[in-house]
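Subject: Model for you to look at

Hi there,

Here is the structure I promised to pass on. Please have a look at it first; my notes on the ligands and their surroundings follow underneath.

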Amino acid sequence: MGKIVIISGPSGSGKTTVCKILKQHSNVEQSISVTTRSPRKNEKDGESYHFVSNARFKEMIKNGEFAEFAEYCGYYYGTLLSALEDAIKRGIFYILEIDVQGAMQIKEKFPDAIMIFLLPPNRLTLSQRLISRNTDTEQDLANRLKIAEKELEYKDKYDYCVVNDDLDVTVNTIRKILNLL
Ligand code: ADP
Ligand code: 5GP
């Protein structure tokens with residue numbers, strides 16, 4: 001049986017960066033979410049996300065295609081149920097890089113999921129990292145930092161909290177949690 005690994009944390013905490021390294025391991029894959037937000041410059045459809053319209057997302061909800069879904073910053077994001085079930089059957093570690101609302105839904109349906117919350121070293125570093133990523137409008141950035149405060153309130157609901165200060169240390173800490181070393 002495979003293991004679901006949830007990685008949540010405020011926008012800019014380093015989830016995408018950390019997951020990209022974790023999935024280099026042959027026994028680790030990452031779920032490709034469906035979203036209604038527009039692709040960033042470096043993002044490809046079917047790789048970073050499946051980018052769909054609002055109408056298509058709503059149709060997918062109606063068809064029961066999601067293991068979980070949530071609205072974040074005015075857009076929908078969801079995890080495909082079929083891909084998740086397939087990953088469990090294949091016995092791999094299947095990373096869901098999802099927000100706190102989605103994480104709570106998965107915890108309810110799959111209580112064995114390993115839940116990891118990624119924290120920035122501090123608030124200043126979080127906003128500096130978001131600014132230097134240079135992918136969001138000023139309004140989006142402000143929204144994301146505001147949502148971050150709410151998300152931090154969920155950290156105690158997770159099995160592990162990992163502070164992403166030094167990237168190598170963060171990745172190794174998570175590898176140890178998953179027994180991947
Ligand atoms: P998230 O996916 O959580 O929104 P990202 O992975 O996009 O966050 O990281 C936000 C920014 O911070 C990126 O520019 C990334 O390169 C940088 N970053 C991530 N982890 C670290 C780290 N440990 N030290 C310094 N910069 C980091
Ligand atoms: P971003 O726009 O920065 O890629 O993602 C915004 C937020 O949506 C992040 O917290 C990210 O983890 C979350 N997210 C990405 N995919 C999913 C998903 O499938 N479901 C849920 N609930 N959240 C997701």
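Where does ligand 2 sit? Ligand 2 sits in the largest pocket, and ligand 1 sits there as well. This is a predicted model, in which local features need pLDDT of at least 70 and side-chain atom pairs count only at pLDDT 80 or more, while totals for chains, interfaces and linings use all residues. Residues are numbered from 1 along each chain as its sequence is written, chains are lettered from A and ligands numbered from 1 in the order in which they are written, and side-chain values use heavy atoms, with hydrogens and water left out.

A pocket here is an open set of points on a 1 Å grid over the protein atoms alone, where a 1.4 Å probe fits, with protein on both sides within 12 Å along at least five of seven lines; lining residues have an atom within 4 Å of a point. A molecule sits in a pocket if more than half of its atoms lie within 2 Å of its grid points.

**The pocket.** Its volume is about 1200 Å³ (the space filled by probe spheres set on the points, which are joined across faces, edges and corners). The lining has 41 residues, with K15, T16, R40, E43 and E97 nearest the centre. Helix α1 gives the largest share, 5 residues (helices are DSSP runs of H or I, at least four residues; strands are E, at least two).

**Ligand 2.** Around this ligand are 16 residues, and S33, R37, Y49, E68 and Y77 come nearest (a heavy atom within 4 Å counts as near). Its polar contacts (N or O pairs within 3.5 Å) include one at 2.7 Å between a ligand nitrogen and the side chain of E68. An oxygen of ligand 2 is 2.6 Å from a side-chain N or O atom of Y77. The protein buries 97% of the 510 Å² that ligand 2 exposes when taken alone (Shrake-Rupley method, 1.4 Å probe). Strands β5 and β6 each give two or more residues to this shell.

**Ligand 1.** Here the shell has 13 residues, with G12, K15, T16, T17 and R133 closest. One ligand oxygen is 2.5 Å from a side-chain N or O atom of T17, and a ligand nitrogen is 2.9 Å from a backbone N or O atom of D165. Of the 560 Å² that ligand 1 exposes alone, the protein buries 76%. The largest share of its shell, 3 residues, comes from α1.

Best wishes

Key. Polar contact = N/O pair within 3.5 Å; in protein donor to acceptor, adjacent residues only side chain to side chain.
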